[in-house]
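Welcome! Take a moment to look over the molecule shown here, and then we will walk through it step by step.

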Amino acid sequence: MAAKFMSGLDPPRNGFRPLWRSAERGFTLVEMLVALAIFSLAALALLRLEGATVSTTARLQEQALAQIVARNIAVEMLTDPVPPALGEAHGEAVNAGRTWRWTRRTALSPEPRIEQIAIHVASDRGPEAATLTLFRRAAQ
């Protein structure tokens, strides 16, 4: 009969102790440091992801506001009984407490009875912009 060790563990088989028995002893300091390092890397990756998400959300909000301004200018042009003059026009619009610069380019389309109107809206805060192209009946 094989003698039990004084520590209460089964004798090693082929130089190794059974895993279920060695787990009762807990984790070593090296194992804890490795686990902490892996967790730290994962936490840093999540923080970088959150920062990218916040900046993307802010940029998308700016672009959405620029699109609203472009659509407002388009509605003004489409509801005006007189079509806009051919050429380029510039202006400013205030929306959401901010000033937006807009450029409108009006040209004849390949069909002479229809005008092509391109509206570009830009912000003074950054590269966020919106472009809207629409068509309207040309002046007779």
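## A pair to start with

Let us begin with one pair of residues: W102 has V121 in β3 as its bridge partner. Please keep in mind that this is a predicted model.

The pair belongs to a wider match, since β2 and strand β3 (residues 114-123) are joined by 9 bridges and run antiparallel. Between these two strands of the hairpin lie 5 residues.

## The neighbouring hairpin

Now turn to the other partner of β2. Strand β1 (residues 87-95) and strand β2 (residues 98-108) are antiparallel, with 9 bridges between them. You can find one meeting point at G87, which faces T106 in β2.

How many residues sit between the strands in the hairpin of β1 and β2? There are 2, and in this hairpin A96 adopts a positive phi near 60°.

As a general point, side chains in a regular strand alternate between the two faces of the sheet.

## The chain as a whole

Stepping back, the protein chain holds 2 helices and 4 strands. Following the sequence, you meet them in the order α-α-β-β-β-β.

## Surface and contacts

The protein chain has 140 residues, and 25% of them count as buried. Its accessible surface is about 10600 Å², with carbon and sulfur atoms contributing 63%.

What share of the contacts with a separation of 6 or more comes from residues 24 or more positions apart? In the protein chain, that share is 39%.

Conventions
Residues are numbered from 1 along each chain as its sequence is written. This is a predicted model: local features need pLDDT of at least 70, side-chain atom pairs count only at pLDDT 80 or more; totals for chains, interfaces and linings use all residues. Side-chain values use heavy atoms; hydrogens and water are left out. Buried means under 20% relative accessible area, exposed over 50%, partly exposed in between (1.4 Å probe, protein chains only). Contact means heavy atoms within 4.5 Å. Accessible areas come from the Shrake-Rupley method with a 1.4 Å probe; for residues, only the protein chains shown count as cover. Two strands pair if DSSP finds at least two bridges between them.
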